[in-house]
Amino acid sequence: MAESLGILTLLPPVIAILLAIATRQVFISLIVGIFMGYVILAGGNPWLGFLDTIQGLVDVFSDAGNTRTIMFCALVGALIVFMQRSGGVAGFIAFVERKLQKYEDRQDGSGKVVVQLLAWLTGALVFVESSISVLTVGTLYRPIFDKMGISREKLAYIADSSSAPSSILIPFNGWGAFIMTLLAAEGFANPFSTMIKALGYNFYAIIALLLVPVIILLKRDFGPMKKAEIRAQGGQLLSDGATPVVDTELTDIAAKEGVVPNLWNMVLPIVVMVLCMPLMLAYTGWDTARGVLGADAGAVEVFLLAVGRGSGSTSVLVAVTLSILVSMGFYKAQGIFGIRESVDLVLKGIAGLIPLALLMLLAFAIGSLCKQLETGIYVADVTKGFLSPALVPFLVFVVTCFIAFSTGSSWGTFAIMIPIAVPMSEQMDANVLMAIAAVLGGGVFGDHCSPISDTTILSSMASATDHVDHVKTQLPYAGIAGGLAAMLYLVLGLL
């Protein structure tokens, strides 16, 4: 397929990306890109392309993992409504304000620095799942950032750049499970050990994660982010003409009248969701781990392997569902909401996140389309002939960045590039661990920069900012981290 279509395989994702940046209409851009892709697959027939586009959107739900992820994103809206209506967000804001009181009167902006560092630290610590990390940071800190005059674009950048990097550097989650599966398919006897050894070479993830506190502490924003910060300091939260991804009704819900603000009304749902994630990973992967290790293996050993073999999408969906149920009981016990009112709030939360669910649907659809077009394979094949042993890590990283940016999928890029990079580096006597890390870092880089990436979309949603504004403001920072990572791969490869 790649040989017959040639450069046409690049057309759908590239046009979707360019349209999204130029028009600020992400929905239309994705639909146009998907339609064009299916027209290409249909041999230029627009009618068949139209029918295949509809079928392609329907087929997204044939993948249980996609369906669970979309359901999870919609259900998170219920938690957002719960935490605001129950007075949890108000309680958290009051708590943080008390803690930061000594900084607020300072003229050097210490309060802003501290709250931004806390947001970054929160995102890094919630490493069990990048989606949960992004949504936690956005939900917790958006009201405080708004109050302190910090732009929502900055919040989206902090949430985005502390989620995927920490999830891949601390791989006791679905990310690690997926990567180990790919490494096992390449013949590694101990994929977990191989993955851990490769982490030290994952320069992009390390630099991207550490760059956030550096920017915060130096107070040296630049490019579009600097303009956004100046605008926010003047009291304008969003840029002119901006369209936040999340429904504004979902982010401006006042606490129920008569309810006393309570920090735990927000903390409990998040803690339940975060703790349930590794437990469900272990539960869904237990039988597999037991089969690998045998009946004599200890529970701790089985648990650690099971976490890496569990289903990420199942774990996320179960975690958010249990969190909602626990929250309903917790609020009922306090006399805040009855069951009927809680159900109404759940439905309101889901309705508020319908735009996100639609964006996720389109992102999955274009990712599936790129697989059919063999976009990543075409790019990899074109560049494969130019590689030399010294340049393998550098060029693998660059190619991976481009594929991830074009497809908007880091995991899809891992699946494409690891089977190419591993045997290639082995045959050419290059550093295999560095090549693996280059794939992982390049995938995260593309995931950060691409407007069709689900993680980028979630970051915009969680921060209630315009999606294209988030992409534009984050791109220069990601570009610095990516450039430094590329230089390190080039220098170390030549040594």
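Helices here are DSSP runs of H or I with at least four residues, and strands are E runs of at least two, both numbered from the N terminus. Counted that way, the protein chain in this predicted model has 26 helices and zero strands.

**Overall build**

The chain's radius of gyration is 22 Å, close to the 23 Å that the globule rule gives for 495 residues, so the chain is as compact as a globular protein of that length. If you lay the C-alpha trace along its principal axes, the spans come out at about 70 × 60 × 50 Å. Buried residues account for 56% of the 495. As for how the chain packs on itself, take the contacts between residues at least 6 apart in sequence: 79% of them join residues at least 24 apart.

**The core**

In soluble globular proteins, nonpolar side chains tend to be buried together. In this chain, the largest nonpolar core holds 141 residues, and Phe72, Tyr141, Ile168, Tyr204 and Phe414 are the ones with the most contacts inside it. Helix H20 (residues 354–373) supplies the largest share of this core, with twelve residues.

**Two enclosed helices**

H10 and H24 are worth a look side by side.

| Helix | Residues | Length | First to last C-alpha | Expected span | Buried residues |
|---|---|---|---|---|---|
| H10 | 152–169 | 18 residues | 26 Å | 26 Å | 18 of 18 |
| H24 | 432–449 | 18 residues | 26 Å | 26 Å | 17 of 18 |

For H10, 18 of the 18 residues are buried, so that helix is largely enclosed by the rest of the structure. H24 has 17 of its 18 residues buried, so it too is largely enclosed. The reach of H24 is close to what 1.5 Å a residue would lead you to expect, and H10 is likewise close to its expected span. At the start of H24 there's a polar contact to pick out: a side-chain oxygen of Asn431 comes to within 3.1 Å of the backbone nitrogen of Leu433.

**Cysteines without a bridge**

How many disulfides are there? The count comes to zero. Cys401 and Cys449 show how that works out for one pair. The cut-off for a disulfide is a pair of cysteine sulfur atoms within 2.5 Å. The closest cysteine sulfur to that of Cys401 is in Cys449, and because it sits 7.7 Å away, it is too far for a bond. Looking from the other side, the closest cysteine sulfur to that of Cys449 is the one in Cys401, again at 7.7 Å. Both residues are tucked away: Cys401 is buried with a relative accessible area of 8%, and Cys449 counts as buried at 2%.

**Two residues up close**

Is Phe337, in the loop between helix H18 (312–334) and helix H19 (339–352), buried or exposed? It counts as buried, at 2% relative accessibility. Beyond residues up to four places away in sequence, Phe337 touches Phe82, Arg85, Ser86, Lys256, Tyr331, Lys332, Ser342 and Leu345. Of these, Lys256 is 81 residues away from Phe337 in sequence, while the C-alpha to C-alpha distance is 9.2 Å.

Thr456, for its part, lies in helix H25 (residues 454–463). This threonine is buried, with a relative accessible area of 0%. Leaving out neighbours within four places in sequence, the contacts of Thr456 include three histidines, His448, His467 and His470, along with Asp160, Asp447, Ser450 and Val471.

How values were computed. Residues are numbered from 1 along each chain as its sequence is written. This is a predicted model: local features need pLDDT of at least 70, side-chain atom pairs count only at pLDDT 80 or more; totals for chains, interfaces and linings use all residues. Side-chain values use heavy atoms; hydrogens and water are left out. A nonpolar core is a set of buried Ala, Val, Leu, Ile, Met, Phe, Trp, Tyr and Cys residues joined through side-chain atoms within 4.5 Å. Buried means under 20% relative accessible area, exposed over 50%, partly exposed in between (1.4 Å probe, protein chains only). The expected span of a helix is 1.5 Å times one less than its number of residues. A polar contact is a pair of N or O atoms within 3.5 Å; within protein, one must be able to donate a hydrogen and the other to accept it, and residues adjacent in sequence count only if both atoms are side-chain atoms. The radius of gyration is taken over C-alpha atoms; the globule rule is 2.2 Å times the number of residues to the power 0.38. Contact means heavy atoms within 4.5 Å.
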